[in-house]
Amino acid sequence: MVAILFDGYMNCGGSLINDRYVLTAGHCVHGLNVQNVTVMVGMNDLLTKSRLLPPVERLILHEEYSRDYLHDINDIALIKLAMPVAFSSFVSPICLPQNEAVDYTGNLAIVAGWGRVGQDEPLARYLRATEVRVISNEVCRNTAIGEHISDSMLCTYLEKKDACQGDSGGPLAAVGIDGHFEQIGVVSWGIGCARVNMPGVFTRVTKFMNWLRYNTRDANYCSRN
């Protein structure tokens, strides 16, 4: 899990997917200058001094990213680090999905971040996580936000469980077919936090695997051993 700061202030979450790249949401880096972006790796406490601050080389926003009054489309981006991160017991990459055909409907998944601890509540100091359930896009389209759901999005819903403001860009992870956790979503948007019949919406990682592989081809990925 990675904290992304803009001008020194907590902005978004992200995930280390290999030794050179952080995966996050497009709206987290849209319009930003690389000189103003800091990533913090290897900590749970935002105020700790025991963390890595790898320098950022480049922001890579999806070429077809766009936004409207409510949500973001192709909401995915990469942050390229200036040098490889050394993996350790505190820092390791999350795996990406092995099977791009899986839609994960019905699976329990974990979303994590330093976002608000509740609607209109302050940001968390310590990394928090909660379990949610993936619902089908068909079910999601039958909710109040349904008309905005595209095939490149993934929805979750579990009563009183959700991501919140400040969690954007963070990972949604589920157990893959080989028993390893893999990142299946990127926190993208929603209406409020944990509202009744209001799913959380994520960028569906499997829809962007070719883009991710192409843009991170100079990196070393996770080991599934």
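**View 1. The largest nonpolar core of the predicted model.** The largest nonpolar core, a set of buried Ala, Val, Leu, Ile, Met, Phe, Trp, Tyr and Cys residues joined through side-chain atoms within 4.5 Å, where buried means under 20% relative accessible area with a 1.4 Å probe and protein chains only, has 33 residues. Those with the most contacts inside this core are Ile4, Ile17, Leu23, Leu78, Ile79, Leu81 and Leu212. Among the elements that give two or more residues to this core are strand E2 (9-16), strand E8 (77-81) and helix H3 (209-215), helices (H or I, at least four residues) and strands (E, at least two) being DSSP runs numbered from the N terminus. The largest share, four residues, comes from E8.

This is a predicted model, in which local features need pLDDT of at least 70 and side-chain atom pairs count only at pLDDT 80 or more, whereas totals for chains, interfaces and linings use all residues. Residues are numbered from 1 along each chain as its sequence is written, and side-chain values use heavy atoms, with hydrogens and water left out.

**View 2. The open sheet of six strands.** Its strands follow the order E4-E1-E2-E3-E8-E5 with antiparallel pairing, two strands being paired if DSSP finds at least two bridges between them. Strand E4 (37-41) and strand E5 (56-61) are the edge strands, each pairing on one side only.

**View 3. The pairing of E1 with E4.** Strand E1 (residues 2-6) pairs with E4 in the antiparallel sense over five bridges, and Ile4 stands opposite Val39 in E4.

**View 4. Phe181 in strand E13.** Phe181 lies in strand E13 (residues 181-189) and, at 43% relative accessibility, counts as partly exposed, the class between buried and exposed, the latter being over 50%.
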